[in-house]
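Welcome! Here are some short exercises on salt bridges, each with a worked solution. Take a look at the structure first, then follow along.

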Amino acid sequence: MSGRLSGADFAARRHLVGLTLEEVADALGVNPRTVRAWEAGRDLIPERIGGELDALIDEHTVLVEQMLDSEEV
């Protein structure tokens with residue numbers, strides 16, 4: 001990901017994978033109020049957060065796929 005992530009994009013990605021605001025805040029090491037401010041567009045999202053969010057989404061996706069695979073057996 002390049003450039004700064006918008007609050008709307010951040011929220012859409014979080015919702016897409018089903019992570020709560022609190023889960024994302026905890027994983028990124030920030031306060032949930034910070035995530036709310038980012039998503040509302042009140043505060044700029046630091047550039048490093050875009051990459052960290054992508055990594056978190058990738059990790060979450062892998063875990064969900066593993067859980068689904070284990071249920072198929």
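**Exercise 1.** Find the salt-bridge partner of arginine 48 and place the pair in the chain.

*Solution.* Arginine 48 pairs with glutamate 52, and their closest N and O atoms lie 2.7 Å apart. That fits the definition of a salt bridge: a side-chain nitrogen of Lys or Arg within 4 Å of a carboxyl oxygen of Asp or Glu. Next, place the pair: the two residues are four apart in helix α4, so about one helical turn separates them. Helices here are DSSP runs (H or I, at least four residues), numbered from the N terminus.

A note on the model: it is predicted, so local features need pLDDT of at least 70 and side-chain atom pairs count only at pLDDT 80 or more, while totals for chains, interfaces and linings use all residues. Residues are numbered from 1 along each chain as its sequence is written, and side-chain values use heavy atoms, leaving out hydrogens and water.

**Exercise 2.** Are arginine 48 and glutamate 52 buried, partly exposed or exposed?

*Solution.* Recall the cut-offs: buried is under 20% relative accessible area, exposed is over 50%, and partly exposed is in between (1.4 Å probe, protein chains only). Arginine 48 has 48%, making it partly exposed. Glutamate 52, with 31%, is partly exposed too.

**Exercise 3.** Which helices does the salt bridge between aspartate 54 and arginine 13 link?

*Solution.* Start with the contact: the closest N and O atoms of aspartate 54 and arginine 13 are 2.5 Å apart. Aspartate 54 sits in helix α4 (residues 47-72) and arginine 13 in helix α1 (residues 7-17), so distant parts of the chain, 41 residues apart, are linked.
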